[in-house]
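Let us walk through this structure step by step, following how its strands are joined to one another.

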Amino acid sequence: MAILKFSASAVAAQIAHARACKTFLPNWNGPVDRPALILIVGNGVHLRSNGIDGTTTRIVTTEQADPSFAFADGMNPFRDTDWMAQRRMAFRDLTGQFYTDILDDMQVLIDRGRGAIRLATDGHSIRVFVRRASDYLIGGTYEVPSGLGGTFRVILKDACDTFAIVQNCGNCEDFDAMQPYRVPLDALMELDDRRAA
């Protein structure tokens, strides 16, 4: 999982552009009739409006980038010298265009005065990621998906803004005897949070 951080003002400009347009770039399923944001992983990593106006071409490629797009921190080819290494750490060799459905969620955070917007992506899904490591209680009890279709109860040992180190606790003896391990930070669930595993 990668956590991407964007300037809220740069994202707001892309949202405003999308909402000001009447026609939109198609996605893989065909024509689109509403504003959206597209995540481009290629020449940097950036969000751009899907709107078409006199300044926007119909062709979107991973090779083209514009300094006005909302670039992820550390992945701006116009400013960051090691952007390619940062992109590779987040996406390996994956490049492409991802039509997203996060515009409204991002607008809510912008309206709340957030200076930065964070997205969590695993290469297949992109979602707005609101929580930070400091939102979790070290030593607190959480649940994480087990990979077996259920969940493990765990104690949080340490966390950064991307991953958490957890120790199984309160499961069967074999699982609780496991060494501490790393999980994506957004996999931590409060005990009363019943998201699908």
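A good place to begin in this predicted model is strand 12, where Asn168 is the bridge partner of Val154. Strand 12 covers residues 163–168, and five bridges join it to strand 11, with the two strands running antiparallel. Between strand 11 and strand 12 there are three residues, and together these strands form a hairpin.

Val154 also leads us to another strand, since this residue of strand 11 is the bridge partner of Tyr142. Here strand 10, made of residues 141–145, pairs with strand 11, residues 151–159, in the antiparallel sense and over five bridges. Strand 10 and strand 11 likewise form a hairpin, with five residues between them, and in the turn of this hairpin Gly147 has a positive phi of about 85°.

We can now turn to an earlier part of the chain, where four strands form an open sheet whose order is 6-4-3-7 and whose pairing is antiparallel. Which strands lie at the edges of this sheet? The edge strands are strand 6, residues 70–71, and strand 7, residues 96–99, each of which pairs on one side only. Strand 7 has strand 3, residues 37–42, as an antiparallel partner, and the pairing of these two strands extends over four bridges. Within this pairing, Ile40 stands opposite Gln97, a residue of strand 7.

Finally, a helix can be added to the picture of the sheet. Helix 2, which is made of residues 83–91, lies across strand 3 and strand 4, the latter covering residues 44–49, and the helix runs at about 110° to strand 3.

Notes
Residues numbered from 1 in each chain as written. Predicted model: local features only at pLDDT ≥ 70, side-chain atom pairs only at ≥ 80, totals over all residues. Heavy atoms only, no water. Pairing = 2+ DSSP bridges. Contact = heavy atoms within 4.5 Å. Axes fitted to C-alpha atoms, helices over the stretch in contact; angles between N-to-C directions.
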